[in-house]
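Reader: Could you take me on a close look at one part of this model, the packing inside it? I'd enjoy a connected account that goes from one residue to its surroundings.

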Amino acid sequence: MADQQRWFKLWCSAPSDDGLQALAPADRWAWAVLGCYIKQHGTDGTVVLSSNNSVLAAQMGIDSEKLLETIQKMPHVDVQTNVQSVNGNFT
């Protein structure tokens with residue numbers, strides 16, 4: 001069966017990762033959702049997001065106004081808000 005790249009690698013050590021353990025359980029879910037979203041919509045682990053992406057926010061179980069704030073507190077995720085932002089987009 002051909003690999004259609006509909007998956008991303010989640011290390012077995014993720015549940016014991018200190019950075020992830022420091023997050024609330026709901027934020028750990030948001031971290032996993034972001035990984036899926038980046039795999040589906042990104043390139044080489046990078047994605048440009050709108051700060052009012054209500055679909056991603058709903059998948060994470062948060063209000064869209066909290067999207068950037070939620071992503072910024074995730075471990076192992078670098079957020080760049082100063083890269084030629086158009087309409088509130090961030091990378």
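Author: Happy to. Contact here means heavy atoms within 4.5 Å. Please keep in mind that this is a predicted model.

Let's begin with Leu-56, which sits in helix H3 (residues 54-60). Its relative accessible area is 0%, and the cut-off for buried is under 20%, so Leu-56 counts as buried. What does Leu-56 touch, leaving aside its neighbours within four places in sequence? Its partners are Val-33, Leu-34, Tyr-37, Leu-49, Leu-67 and Ile-71. Helix H2 spans residues 25-41, and Ala-30 gives a handy distance to check on your screen: the C-alpha atoms of Leu-56 and Ala-30 are separated by 9.2 Å, although the two residues are 26 apart along the chain.

Now step back to Asn-53, in the loop between strand S1 (49-50) and H3. Asn-53 has 13% relative accessibility and therefore is buried too. Not counting residues up to four places away in sequence, Asn-53 touches Tyr-37 and Leu-67, and both of these are also on the contact list of Leu-56. With Tyr-37 there is a further detail: the side chains of Asn-53 and Tyr-37 make a polar contact at 3.0 Å.

From here we can widen the view to the nonpolar core. In soluble globular proteins, nonpolar side chains tend to be buried together. The largest nonpolar core in this model has 17 residues, and those that touch the most other members are Leu-34, Leu-49, Leu-56, Met-60, Ile-71 and Met-74. H2, H3 and helix H4 (67-72) are the elements that give two or more residues to this core. H2 gives the most, with six residues. Met-74 is worth a look of its own: setting aside neighbours within four places in sequence, Met-74 is in contact with Asp-27, Ala-30, Trp-31, Leu-34 and Met-60. Leu-34 thus turns up in the contacts of both Leu-56 and Met-74.

Finally, let's turn from packed side chains to open space. The largest pocket holds about 560 Å³. It is lined by 25 residues, and Gly-35, Ile-38, Gly-45, His-76 and Val-77 are the closest to its centre. Which helix supplies the largest share of this lining? That is H2, with five residues, the helix that also gives the most to the core. By type, the lining comprises 14 nonpolar, seven polar and four charged residues.

Notes:
Residues are numbered from 1 along each chain as its sequence is written. This is a predicted model: local features need pLDDT of at least 70, side-chain atom pairs count only at pLDDT 80 or more; totals for chains, interfaces and linings use all residues. Side-chain values use heavy atoms; hydrogens and water are left out. On a 1 Å grid over the protein atoms alone, a cavity is a set of points where a 1.4 Å probe fits but cannot get out, and a pocket is an open set with protein on both sides within 12 Å along at least five of seven lines; lining residues have an atom within 4 Å of a point. Grid points are joined across faces, edges and corners, and a volume is the space filled by probe spheres set on the points. Helices (H or I, at least four residues) and strands (E, at least two) are DSSP runs, numbered from the N terminus. Ala, Val, Leu, Ile, Met, Phe, Trp, Tyr, Cys and Pro count as nonpolar, Asp, Glu, Lys and Arg as charged, and the others, Gly among them, as polar. Buried means under 20% relative accessible area, exposed over 50%, partly exposed in between (1.4 Å probe, protein chains only). A polar contact is a pair of N or O atoms within 3.5 Å; within protein, one must be able to donate a hydrogen and the other to accept it, and residues adjacent in sequence count only if both atoms are side-chain atoms. A nonpolar core is a set of buried Ala, Val, Leu, Ile, Met, Phe, Trp, Tyr and Cys residues joined through side-chain atoms within 4.5 Å.
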